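Q: I am new to this structure and would like a close look at a single part of it. Could you take me slowly through one sheet and what surrounds it?

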Amino acid sequence: MAIFRSASGEGGAEVVLAVGNPYGSRTLVIERDEDASVAYLCSPDGTVHGAVWLANHRPAPAVVDLARLNAGLPPLMPRANTAHPDGRRPLGQLTALWFEEGDGVALYEDDDLLAVIPGWADMSRGMPGYARDAVGESPFAWALSEALEGLRPRIANARSYWRWRHSEGSWPSFQQFVMGHLDRVLGPAGRYWDASGERLPTVGITERPPHEGRDYTVLSTVGMSCQRMPTVEQWIDKPGAYARIELAVATREDPRDAALLLVWLAQYPWHSITWLGHGHTAKWYHEPSTFPLGPQYSGVLMLANAPHMPDMSGFAFGGEAVRWLWLSPVTTEALEAQHADERTR
């Protein structure tokens with residue numbers, strides 16, 4: 001049985017809304033035909049990561065309509081699982097509110113919460129998303145009313161965050177806050193580079209030359225911690241302690257080479273819908289011969305509280321502590337050994 005196969009207006013369905021998240025990594029697509037409406041959470045390549053039924057526009061069938069599913073049409077919710085078994089009018093004005101992390105979205109109809117597709121939605125595990133008009137749990141939607149206690153804080157935080165983020169002066173004030181912290185723990189700043197490429201999240205790189213007995217330069221991102229990383233709560237019981245990071249790297253060579261590592265990873269969590277943490281590795285995206293710290297390396301290992309590195313603690317944002325992860329270059333052999341170790345855990 002094919003479930004939620006379309007998301008492209010195929011099979012006679014019409015796309016009535018398509019809106020991307022602020023990071024360009026997910027798109028919310030709403031489809032409808034004369035009989036039903038459905039929402040999809042898609043990546044740029046069209047892969048559907050979450051989907052939730054929104055409404056029947058005609059009387060509900062007693063059981064799942066397999067013919068509609070196999071034709072790629074929006075599913076009709078069976079009678080037992082909809083609050084409107086006789087159907088309801090077409091959807092009104094639709095607007096989307098993205099989670100701060102960009103991996104989930106709340107959908108509103110005329111300012112009333114209609115559905116939520118969270119980052120942990122996974123159709124393969126029977127978790128499609130939450131809909132206001134759904135009753136109980138079905139492959140097409142879970143009842144939104146039964147999940148509101150947990151979802152309300154996330155939605156309120158998202159609304160508050162984007163209101164602040166789009167306000168005048170929000171980024172300069174945050175930037176100054178981080179730079180002041182780094183002034184205290186690393187000494188005066190040198191050069192500063194933009195690593196954003198005019199895309200969100202906004203991230204810069206600050207250079208801290210040798211200072212007071214430290215004979216090497218430290219480079220740090222500025223701005224990764226301004227938004228929580230996606231998917232952390234799917235792996236960590238208390239995500240608040242791990243959701244905000246900045247990256248740092250130490251070098252005695254040309255700082256511009258090491259800065260390329262930060263440019264590479266600074267926006268990665270939000271563009272790839274993932275997270276970075278202590279012990280994680282990243283393989284260089286290009287030929288090993290182009291690795292900024294030498295062709296003998298092919299990636300980096302990320303370490304919190306790295307030995308012999310400055311203590312970067314003491315900075316928080318959004319009521320959550322920010323962790324600095326130090327990048328250490330690793331060889332291909334070390335990367336493969338790390339991945340083998342992860343597979344055997």
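A: What follows is a walk through one sheet, strand by strand, and then outward to the rest of the chain.

The model is predicted, so local features are given only at pLDDT of at least 70 and side-chain atom pairs only at pLDDT 80 or more, while totals for chains, interfaces and linings use all residues. Residues are numbered from 1 along each chain as its sequence is written, and side-chain values use heavy atoms, with hydrogens and water left out.

The part in question is an open sheet of four strands in the order 1-2-3-4, with antiparallel pairing. Strands here are DSSP runs of E with at least two residues, helices are runs of H or I with at least four residues, and both are numbered from the N terminus; two strands pair if DSSP finds at least two bridges between them. Strand 1 (14-20) and strand 4 (48-56) form the edges, each pairing on one side only. On average, neighbouring strands of this sheet are turned by 15 degrees against each other, direction ignored, where the axes are lines fitted to C-alpha atoms, for helices over the stretch in contact, and angles run from 0 to 180 degrees between N-to-C directions.

Starting at the edge, strand 1 is joined by six bridges to strand 2 (residues 27-32), and the two run antiparallel. Along this pairing alanine 18 stands opposite valine 29 of strand 2, and glycine 20 faces threonine 27 of strand 2. The two strands form a hairpin with six residues between them, and glycine 24 in its turn has a positive phi of about 75 degrees.

On its other pairing, strand 2 is linked by six bridges to strand 3 (residues 36-42), again running antiparallel, and a hairpin of three residues joins these two strands. Here isoleucine 30 has alanine 39 in strand 3 as its bridge partner. Strand 2 is mostly covered, since five of its six residues are buried, which means under 20% relative accessible area, with exposed being over 50% and partly exposed in between (1.4 Å probe, protein chains only). Cysteine 42 also counts as buried, because its relative accessibility is 5%.

Leucine 54 leads from the sheet to its surroundings. It touches Ile30, Ser37, Val38, Ala39, Leu91, Leu107, Leu114, Ala115 and Asp133, leaving aside residues up to four places away in sequence, where contact means heavy atoms within 4.5 Å. Leu54 is also among the residues that touch the most other members in the largest nonpolar core, which holds 87 residues; the others are Val116, Ile155, Leu247, Val300 and Leu327. Such a core is a set of buried Ala, Val, Leu, Ile, Met, Phe, Trp, Tyr and Cys residues joined through side-chain atoms within 4.5 Å. Apart from it lies another core of five residues, among them Val29, Val38, Tyr40 and Ala51.

To set the sheet in its context, the chain has six helices and 18 strands. Of its 345 residues, 51% count as buried, and its C-alpha atoms fill a box of roughly 75 × 45 × 35 Å, taken along the principal axes. Among contacts between residues at least 6 apart in sequence, 56% join residues at least 24 apart.
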